[in-house]
Amino acid sequence: MQLWEVKGILEAELLWEPVDLQLEIEMVEAADLMSDVLTQSLGGELLITGLINSQVIWTAEMADIKAIAFVHGKSPDRETIELAKNKGIPLLATKLFMYEACARLAMRGLTGSSGTIW
């Protein structure tokens with residue numbers, strides 16, 4: 001699934017541009033604990049999180065996360081957005097709660113790191 005599709009499904013806004021909306025998203029991971037992301041990430045994923053500090057960007061870079069979607073209507077501060085821009089990590093923000101964001105993407109066929117939806 002491409003990033004533009006994810007953006008539409010999540011009814012999300014981009015937090016910095018220009019972004020390659022053709023970016024291919026292969027899996028989804030949802031976590032607020034960045035230690036979980038570091039130990040369970042396979043890379044190439046969209047990270048869904050409610051955590052909005054710069055640690056998310058540093059973790060995403062280390063875990064080879066392709067893009068980040070912030071939930072609950074949260075948005076990181078300007079410095080965190082600039083850090084993501086410098087790292088080339090697209091940021092999305094949606095008003096959806098984490099569960100609904102994950103459910104919508106799963107219903108459209110995106111899997112988690114286990115490779116299955118159910």
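The buried residues of helix H4 (78–87) are covered by elements that include H3 and S5, where contact means heavy atoms within 4.5 Å. This is a predicted model, in which local features need pLDDT of at least 70, side-chain atom pairs count only at pLDDT 80 or more, and totals for chains, interfaces and linings use all residues. Residues are numbered from 1 along each chain as its sequence is written, and side-chain values use heavy atoms, with hydrogens and water left out. Helices (H or I, at least four residues) and strands (E, at least two) are DSSP runs, numbered from the N terminus.

The table sets out two helices; buried means under 20% relative accessible area, exposed over 50%, and partly exposed in between (1.4 Å probe, protein chains only). The arc is that of the directions from the helix axis to the C-beta atoms.

| Helix | Buried residues | Arc |
|---|---|---|
| H3 (54–62) | Val 56, Ile 57, Thr 59, Ala 60 | within 165° |
| H4 | Thr 80, Ile 81, Leu 83, Ala 84 | 160° |

The other side of H4 holds the exposed Arg 78, Glu 79 and Asn 86. After H4 comes Gly 88, with a positive phi near 75°.

The buried residues of H3 pack against elements including H2 (34–40), S3 (45–49) and S4 (67–70). Just after H3, Asp 64 has a positive phi of about 60°.

The largest nonpolar core (buried Ala, Val, Leu, Ile, Met, Phe, Trp, Tyr and Cys residues joined through side-chain atoms within 4.5 Å) has 40 residues, and Leu 91 is among those that touch the most other members. S4 gives the most to this core, four residues.
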